[in-house]
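Open the model in your viewer and switch to the cartoon view. We will go from stop to stop, selecting a few residues each time.

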Amino acid sequence: MTEQTQNSEAQTSSAGQAGQKPDIIRVEGMHKWYGEFHVLQNLNLTVKQGERIVICGPSGSGKSTFIRCINRLEEHQKGKIIVDDVELTDDVRQIDSVRREVGMVFQHFNLFPHLTVLENCCLSPIWVRKIPRREAEASAMEYLERVKIPDQANKYPGQLSGGQQQRVAIARALCMKPKIMLFDEPTSALDPEMIKEVLDVMVELAESGMTMICVTHEMGFAKTVADRVIFMDGGEIVEEAPPEEFFSNPKEPRTRKFLEQILQH
């Protein structure tokens, strides 16, 4: 009888866990130095599949360095980063495995100027995922449609506005069919009138269930989209909370000061 009860409890526990979304990113006691400068200090973060995280904080707080460590564009020196059950180490195969599942959108687009929009979008699927060109092009056109610029497919990046180039960069990342999208201040290089068009695409992407970590100063976006907002300062995670709590009742003095400054503008 006891054994049956134990089995029943185990099944109940298992069912409860199955109902929860799995962890897709785990950062445990992570540190990073640039020489003597301790840029990231004891960072701990768990992100569930489908969760949307916004990271904010003053310039120089380590936000961009942090997310660049998540796909090994920057190397951490201590602690663990585990992405989709793969730990990021010096093993190149593990780094490649993680990068195939993690899309990244940068502040300055990073498009190849000598390739058309369509060619920019097809390059990685063809070379990294070994997808046939015709299939890669068809998929790229679907994503360009999704970011509302299919008519720009045969133009070069230099012929597009900043907002259009950033939407191409998002489409390019999506063409790899990533499980996770990282955004590093994707609107900070854009003119004000172009910011909304990029944020609209990101909101739509968030609503589709994509796991997202976004470094941004766009607090309206954080309120609309984030499941959690994280405030970083001095290389540390100072505070994290759901947006309604984060904006209405910040606990830490550094968070309150930051919000007072940024929400006045």
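Start with the open sheet: six strands in the order β6-β7-β8-β3-β9-β10, with mixed pairing. Strands pair here if DSSP finds at least two bridges between them. Strands (E, at least two residues) and helices (H or I, at least four) are DSSP runs, numbered from the N terminus. Strands of a sheet pair through backbone hydrogen bonds, either parallel or antiparallel.

Now select 102-105 and 236-241. These are β6 and β10, the edges of the sheet. Each has a single partner strand, so one side of each has no neighbour in the sheet. From one strand to the next, the twist averages 20°.

This is a predicted model, so a word on its limits: local features need pLDDT of at least 70, side-chain atom pairs count only at pLDDT 80 or more, and totals for chains, interfaces and linings use all residues. Residues are numbered from 1 along each chain as its sequence is written, and side-chain values use heavy atoms, with hydrogens and water left out.

Select 228-233 next. This is β9, which runs antiparallel to β10 and is joined to β10 by five bridges. Which residue of β10 is the bridge partner of Met232? Ile237 is.

Add 63-70, helix α2. α2 packs on the sheet and touches β3 (52-56), β6, β7 (180-184), β8 (211-215), β9 and β10. Contact means heavy atoms within 4.5 Å. The direction of α2 makes about 155° with that of β7. Angles run from 0 to 180 degrees between N-to-C directions; axes are lines fitted to C-alpha atoms, for helices over the stretch in contact.

Next stop: a pair of helices. Select 162-174 (α6) and 192-207 (α7); their axes come within 8 Å and cross at roughly 20°. That makes α6 roughly parallel to α7, a label for angles under 35 degrees (over 145 is roughly antiparallel, 65 to 115 roughly perpendicular, the rest oblique). The crossing is right-handed: the near helix is turned clockwise from the far one by less than a right angle, where anticlockwise would be left-handed.

Show the side chains. Residues of α6 including Gln166, Ile170 and Leu174 meet residues of α7, among them Val198, Val201 and Leu205. The contact of α6 with α7 has seven nonpolar, four polar and two charged residues. Ala, Val, Leu, Ile, Met, Phe, Trp, Tyr, Cys and Pro count as nonpolar, Asp, Glu, Lys and Arg as charged, and the others, Gly among them, as polar.

Keep α6 and add 117-127, helix α4. Their axes are 8 Å apart, at an angle of about 30°. α4 and α6 are therefore roughly parallel too. This crossing is right-handed. Val117, Asn120 and Cys121 of α4 meet Val168, Ala171 and Arg172 of α6.

Now pick Arg72 and Asp90. They form a salt bridge, with the closest N and O atoms 2.7 Å apart. The term means a side-chain nitrogen of Lys or Arg within 4 Å of a carboxyl oxygen of Asp or Glu. Arg72 is in the loop between α2 and β4 and Asp90 in the loop between β5 and α3, so the pair ties together parts 18 residues apart in sequence. The structure holds 18 salt bridges.

Last stop: 23-34 and 37-48. Strands β1 and β2 run antiparallel, joined by eight bridges. Lys32 of β1 stands opposite Leu40 in β2. Two residues lie between the strands of this hairpin, where Gly35 takes a positive phi near 60°. β1 also pairs with β4, antiparallel, over five bridges. There, His31 has Lys78 as its bridge partner.
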